[in-house]
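Me: I would like to go through the terms used for this model one by one, and to see how each is justified.

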Amino acid sequence: MSIKESELILNPDGSVYHLNLRPENIATDIIFVGDQDRVDKITKSFDSIEFTTQKREFKTSTGSYKGKRLSVISTGIGPDNIDIVLNELDALVNIDLQTRQIKKNLTVLNIVRIGTSGSLQKDIPVDSFLMSSHGLDLNGMLHSYQIEEISNTEIENAFVKHTNWSAKKSHPILISNSTELENKLKSDKTYSGITATAGGFYGPQGRVLRLGLQDKELNNKIDSFNFKGNRITNLEMETSAIYGLSKLLGHNAVSMNAIIANRANGTFSKDYKQVVVDLIEYTLDKLVE
Ligand code: R1P
């Protein structure tokens, strides 16, 4: 059965609707960043760049780093954007865009997020690197899909109980990273832990400016959650969506976080741009080791 034009929208040049990409434009190893300006910060150390395009916040450059073909894509902020990016990237490799049929032989993408994040634990300081062992989805985007096979109900239910999670909010989902990519990218320089992914920056991450919170103790409860030695280490806005959709679609994913704030002791990095540069360098070199 072919996928209808309204469901998989293509531009007149045959590229996918939001990302503006055709199948030949992307590598199977892909780095996600949030900020479109960060794409050039990564590709400036490439040997060569073969392709660049941008539509809205989605900027892509494909090239070679120490002989390895890599694409770097900016996703913008939030899980809703990740829904667009993952589905369109998967369509580029696993749907024949001419016949609009799902291919018989599926391609696996390796996806590495290089992002910024706030630590929730006093002992994970600003300017450190943290690899997300899991994404804890607090935003609900993944509930549009059949998530039963990827969720971990025992720990999710323990989290709901520990935080007295409101039944009016979407049920949290815990999704693991790719062990293969974790082994490639971890070292004694990386902290590891569960990354909670919120669907907003202020209220959803417990920040108060003018609006009161549904649960003002939530960050403290997240902070003190411990399930068989697993704790929630940091908060950001994309990891669980990347882990969830990658798992459902059969891709590998890992999220690397530059810790620029520590919410537990209220500190912010003196030079957050430098830790991002350091994490880019670290990740690129690990990818080609
Ligand atoms: C919020 O300022 C943004 O920064 C973090 C959050 O996940 C959110 O996207 O990550 P990036 O620096 O990767 O965008």
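The exchange below takes up a strand, a ligand site and a few loop residues of what is a predicted model.

Me: What makes strand 13 largely enclosed by the rest of the structure?

Reply: Strand 13 spans residues 252–262, and 11 of its 11 residues are buried, so the strand is largely enclosed by the rest of the structure. The word "buried" stands here for a relative accessible area under 20%.

Me: How do you know that strand 7 and strand 13 pair, and in which sense?

Reply: Pairing requires at least two bridges between two strands. Strand 7 (residues 110–119) and strand 13 have 10 bridges and pair in the parallel sense, with Ile114 having Met256 of strand 13 as its bridge partner.

Me: Which sense applies to strand 8 and strand 13, and over how many bridges do they pair?

Reply: Strand 8 (residues 129–137) pairs with strand 13 in the antiparallel sense over 3 bridges, which meets the requirement of at least two. Here Met131 stands opposite Met256 in strand 13, and Met256 is also the bridge partner of Ile114.

Me: How many bridges join strand 13 to strand 14, and what do the two strands form?

Reply: Strand 14 (residues 267–268) runs antiparallel to strand 13 and is joined to it by 2 bridges, a count that satisfies the cut-off of at least two. Ala261 has Phe268 in strand 14 as its bridge partner. The two strands form a hairpin with 4 residues between them, and Gly266 in the turn has a positive phi of about 75 degrees.

Me: Which residues are around the ligand, and where does the ligand sit?

Reply: The ligand sits in the largest pocket, and the residues around it include Gly34, Arg38, Ile77, Phe201 and Glu236. Strand 7 gives the most to this shell, with 3 residues.

Me: What makes the approaches of Arg113, Met237 and Glu238 to the ligand polar contacts?

Reply: A polar contact needs a pair of N or O atoms within 3.5 Å. A polar side-chain atom of Arg113 lies 3.2 Å from an oxygen atom of the ligand, a polar backbone atom of Met237 is 2.9 Å from a ligand oxygen, and an N or O atom in the side chain of Glu238 is 2.5 Å from a ligand oxygen. The protein covers 83% of the 350 Å² of accessible area that the ligand has on its own.

Me: Why is Ser166 called buried?

Reply: Its relative accessibility is 17%, so Ser166 counts as buried under the cut-off of 20%. Ser166 is placed in the loop between helix 3 (153–163) and strand 9 (173–176), and its side chain reaches the backbone nitrogen of Lys168 at 3.0 Å.

Me: Why are Lys66 and Lys228 called exposed?

Reply: The term requires a relative accessible area over 50%. Lys66 has 55% and is therefore exposed, and Lys228, with 65%, is exposed as well. Lys66 lies in the loop between strand 3 (58–65) and strand 4 (68–74), whereas Lys228 is found in the loop between strand 11 (226–227) and strand 12 (230–236).

Me: What is the phi of Lys66, and what is that of Lys228?

Reply: Most residues other than glycine have a negative phi. Lys66 has a positive phi of about 45 degrees although it is not a glycine, and phi of Lys228 is near 50 degrees, again a positive value in a residue other than glycine.

Methods
Residues numbered from 1 in each chain as written. Predicted model: local features only at pLDDT ≥ 70, side-chain atom pairs only at ≥ 80, totals over all residues. Heavy atoms only, no water. Buried < 20%, exposed > 50% of the residue type's maximum accessible area, 1.4 Å probe, protein only. Polar contact = N/O pair within 3.5 Å; in protein donor to acceptor, adjacent residues only side chain to side chain. Near = heavy atom within 4 Å. Areas by Shrake-Rupley, 256 points an atom, 1.4 Å probe, with all protein chains shown as cover. 1 Å grid on protein atoms, 1.4 Å probe; cavity = no way out; pocket = protein on both sides within 12 Å on 5 of 7 lines; lining within 4 Å. Sits in = over half its atoms within 2 Å of the grid points.
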